[in-house]
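The following exercises are to be worked with the sequence and the coordinates at hand. Each task is followed by a solution in steps.

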Amino acid sequence: MNAVYILWLRQLKRYVRSRARMIASLGQPLLFLLALGFGLGPIFQKAGQGNYLQFLAPGVIAMSILFTAVFSGIELIWDRQFGFLKETLVAPVPRLTIMIGRTLGGATVAVLQGLIVVLICLAAGFRPAGVAGLPIALVFMVLVGVMFTALGTAIASLLSDFQGFQLVMNFLVMPIFFLSGALFPLSDAPRPLQWIATVDPLSYGVDGLRGALNGSATHFGTAIDLAVLAAVTAVLVAIGSYLFSKIQL
Amino acid sequence: MIRVQNLVKNFGDFPAVRDISFEVKEGEIFAFLGPNGAGKTTTIKMLTTLLTPTSGKVELDGLDPTGQQNEARRRFGIVFQDPSVDDELTAYENMDFHGVLYKVPRKLRAERIEWLLKLFELWDRRNDPVKQFSGGMRRRLEIARGLLHTPKILFLDEPTLGLDPQTRNQLWTHVKRLNEEERVTVFLTTHYMEEADRVAHRIAIIDHGRIVAQGTSAELKAQTGAETLEQAFLALTGATIRDEDASNVDRMRAMSRMWRRRT
C-alpha cells in the first residue's frame, strides 16, 4: 500500500515541478477552443446545432486527459532509458504494485490537467448545465485517465526507445481523438464514421462527459458509456500489467 | 554469501555468459573484472533478479533469486553502471522513495537517511533536486541509497566510471569503511585495475563469458608472472580492443540534450 502511495506521489511531484510541461500542454486545448470554438461557432449555430463552444468543451477536456494520460504511460520509456526503472524493478515489490502505483499517478496527473482545462473552458464562456452532473463528469474523467495511462504503459512496455513514439501518436492517439466525436456530433455523421466511433473507446468518454456537463441527451446513453469505459479500462489495465510484468532489462 | 554454479545466459544465439562458477564469502570484497562485453553486467543482472538465467544456479544468502525474488531483493543493494536516480526529485526524496519501497520503518528510515547522507557528505544538499548534482555526487547518492535498507550484499557495477581521481579515492574509502563496519559483502566490477588491486580481497577475471582466472591479486600476478594487476589482466585477456555498439541509452541522452535546450 505504501509502495503504491510513494509511486503515486512521485508522479505527482514530477508533474507539479515541471511547470514548463504543464503550460506547454495547455496550448493545444486552448488552440482548439479558440480556433474551432470561436471560428466554427457561427456556422454551427446557423446549421441549427446551437452553441458550438458548449458542444466542443467536453471534447477538449477529454482530449487533454487523453494526451496527458498516454504521455504519462509513455514516460515509462523515459524511466527505462534513464535508469530509474531499474531502481523500482529490483525493489522487493511485486510488479503489479508498481504498475498500479504508476497508473494511478498518471491518471491523477491527467485528471488534474483536465480540471485545469475545465477552468480554461469556463473562462472562454463554457457553462455547465448544473452542479448535479459534475460528480458524474469527474467519474468519466477518471475512467478516461486510467484507461489511457494503462494504454500508454502497455505501449511503453513494448518499446525500448522513443523511435516508435511518433508512430503511436500519429496512428493511434490522434485517430482516437479525431474519430471520437469530440469535435462533431456523431448522430449526424456519415455511417462509416459512426461505426468507427463505436469502436473508439474515447467516444464513450466524450459522450458521457458531454451528457454530464451539458445536461443534453447522449448518443449512446450514459449507462452504456459507463459500462463500456469500465470494461475497456479493466481490459487495458490487465494487458498493461501483463506487458509490464514481462519487461526484462 | 553468493554462490554461483554453472551459470549460463544466451541472448538468442549469442552466449553472453558461458558456464561460470564462483563463490563470494561473507564480508568479502570481490572484484569481477573483464573487458567490454565480457559478461560482467549480464552476470550482475542475473544475480540481482533483473534477468533470468538460461541455466545454472544462483544463491544469495541461501536464497534463490528466481524463486524467492522479493526475499532475495531485500538482501542486496545495487549501484548500476548507468545512473538510476530520479533527476526531478531531491536527494532526500530519492532516499525516502527507496526506503518506502524496501519497507524500512519510518523512524529507522529517517535515521538511516540522515546517517548515510552525512557519511557521503550530501546532507547539506539533501533538499536540492538531483539534476543539479555533479557526477560524483550522484554516485555517492546512489551508493548511500543502496545501503539504506541495510543489505547484506552490495553490488557495484563500474561505480567509478567517469569520476575524477579524488572522488574515486573517496568513494572507495567509504566502501572499505562500510565493508569493515557493517560487514557488507561487496561485489564490484571496474575497469580501473589499481582500484581492484587496492580494495578487493579476491578477484575473478571474465572474458568472452568465461572466468579465465580467479584468486587474490598476488595469486593472479604470480600466475602470469606479471608485476601489476593490469599486466596480469592483459596477459589473461589479450590486447585486442572490444568495441561496443552505441546503446539506446547513448542515443536517448543525445536526444534529451536537444529536448532540454528547446524547452
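**Exercise 1. A strand pair in chain B**

Which residue in E9(B) is the bridge partner of B:Ile203?

Solution. The model is a predicted one.
- Step 1. Locate the two strands: E8 of chain B covers residues 202–207, and E9 of chain B covers residues 210–215.
- Step 2. Establish their direction: E8(B) and E9(B) run antiparallel and are joined by 5 bridges.
- Step 3. Read off the partner: B:Ile203 is bridged to B:Gly215 in E9(B).
- Step 4. Inspect the turn: the hairpin has 2 residues between the strands, and B:His208 takes a positive phi near 50° there.

**Exercise 2. Helix H3 of chain A**

Compare the expected span of helix H3 of chain A with the distance between its end C-alpha atoms, and determine where H3(A) is kinked.

Solution.
- Step 1. Helix H3 of chain A comprises 30 residues, 52–81.
- Step 2. At 1.5 Å a residue, taken over one less than the number of residues, the span of H3(A) should be 44 Å.
- Step 3. The end C-alpha atoms of H3(A) are 43 Å apart, in agreement with that expectation.
- Step 4. H3(A) nevertheless has a kink of about 30°, whose centre is A:Gly73.
- Step 5. Of the 30 residues of H3(A), 28 are buried, so the helix is largely enclosed by the rest of the structure.
- Step 6. Just beyond H3(A), A:Gly83 adopts a positive phi of about 90°.

**Exercise 3. Helix H2 of chain A**

Apply the span test to helix H2 of chain A, then identify the buried residues of H2(A) and the helices against which they pack.

Solution.
- Step 1. Residues 19–46 of chain A form helix H2, and its 28 residues should span 40 Å at 1.5 Å a residue.
- Step 2. The separation of the end C-alpha atoms of H2(A) is 40 Å, which agrees.
- Step 3. A bend of about 45° occurs in H2(A) at A:Leu40, with the proline A:Pro42 following within four residues.
- Step 4. The buried residues of H2(A) are A:Pro29, A:Phe32, A:Leu33, A:Gly37 and A:Phe44.
- Step 5. These buried residues pack against H3 and helix H5 (95–124) of chain A.
- Step 6. A:Gly48, just after H2(A), has a positive phi of about 85°.

**Exercise 4. Two residues of chain B**

Are B:Lys152 and B:Ala232 buried or partly exposed?

Solution.
- Step 1. The loop between helix H5 (135–147) and strand E6 (153–157) of chain B holds B:Lys152.
- Step 2. B:Lys152 has 18 C-beta neighbours inside 10 Å and therefore counts as partly exposed, since a buried residue requires 20 or more.
- Step 3. Leaving out residues up to four places away in sequence, B:Lys152 touches B:Met1, B:Asp61, B:Arg75, B:Phe76, B:Val184 and B:Thr185.
- Step 4. B:Ala232 belongs to helix H9 of chain B, residues 229–237.
- Step 5. B:Ala232 is buried because 25 other C-beta atoms lie within 10 Å.
- Step 6. Beyond its neighbours within four places in sequence, B:Ala232 contacts B:Leu220, B:Lys221, B:Thr224 and B:Ala226.
- Step 7. The C-alpha atoms of B:Ala232 and B:Leu220 are separated by 6.5 Å, with the residues 12 apart along the chain.

**Exercise 5. The chains as wholes**

What radius of gyration does the globule rule give for chain A and for chain B, and what values do the chains have?

Solution.
- Step 1. Chain A contains 10 helices and 0 strands.
- Step 2. For the 249 residues of chain A, a compact globule would have a radius near 18 Å, and the value of 18 Å agrees.
- Step 3. Within chain A, 47% of the residues count as buried.
- Step 4. Chain B has 10 helices and 9 strands.
- Step 5. The rule gives 18 Å for the 263 residues of chain B, and the radius of gyration is 19 Å, so chain B is as compact as a globular protein of that length.
- Step 6. In chain B, 41% of the residues count as buried.

**Exercise 6. The contact between the chains**

Describe the side of chain B that touches chain A by its elements and by residue class.

Solution.
- Step 1. The contact involves 27 residues of chain B and 26 residues of chain A.
- Step 2. On the side of chain B, helix H2 (69–75), helix H3 (91–101) and helix H10 (248–262) each supply at least two residues.
- Step 3. H10(B) gives the largest share of that side, 5 residues.
- Step 4. The classes on the side of chain B are 14 nonpolar, 6 polar and 7 charged residues.

Technical notes. Residues are numbered from 1 along each chain as its sequence is written. Chains are lettered from A and ligands numbered from 1 in the order in which they are written. This is a predicted model: local features need pLDDT of at least 70, side-chain atom pairs count only at pLDDT 80 or more; totals for chains, interfaces and linings use all residues. The bend at a residue is the angle between axes fitted to the seven residues ending there and the seven starting there. A residue is buried if 20 or more other C-beta atoms lie within 10 Å of its own, exposed if 12 or fewer, and partly exposed in between; C-beta atoms are placed from the backbone. Two residues are in contact if their C-beta atoms, placed from the backbone, lie within 7 Å. The radius of gyration is taken over C-alpha atoms; the globule rule is 2.2 Å times the number of residues to the power 0.38. Ala, Val, Leu, Ile, Met, Phe, Trp, Tyr, Cys and Pro count as nonpolar, Asp, Glu, Lys and Arg as charged, and the others, Gly among them, as polar. Two strands pair if DSSP finds at least two bridges between them.
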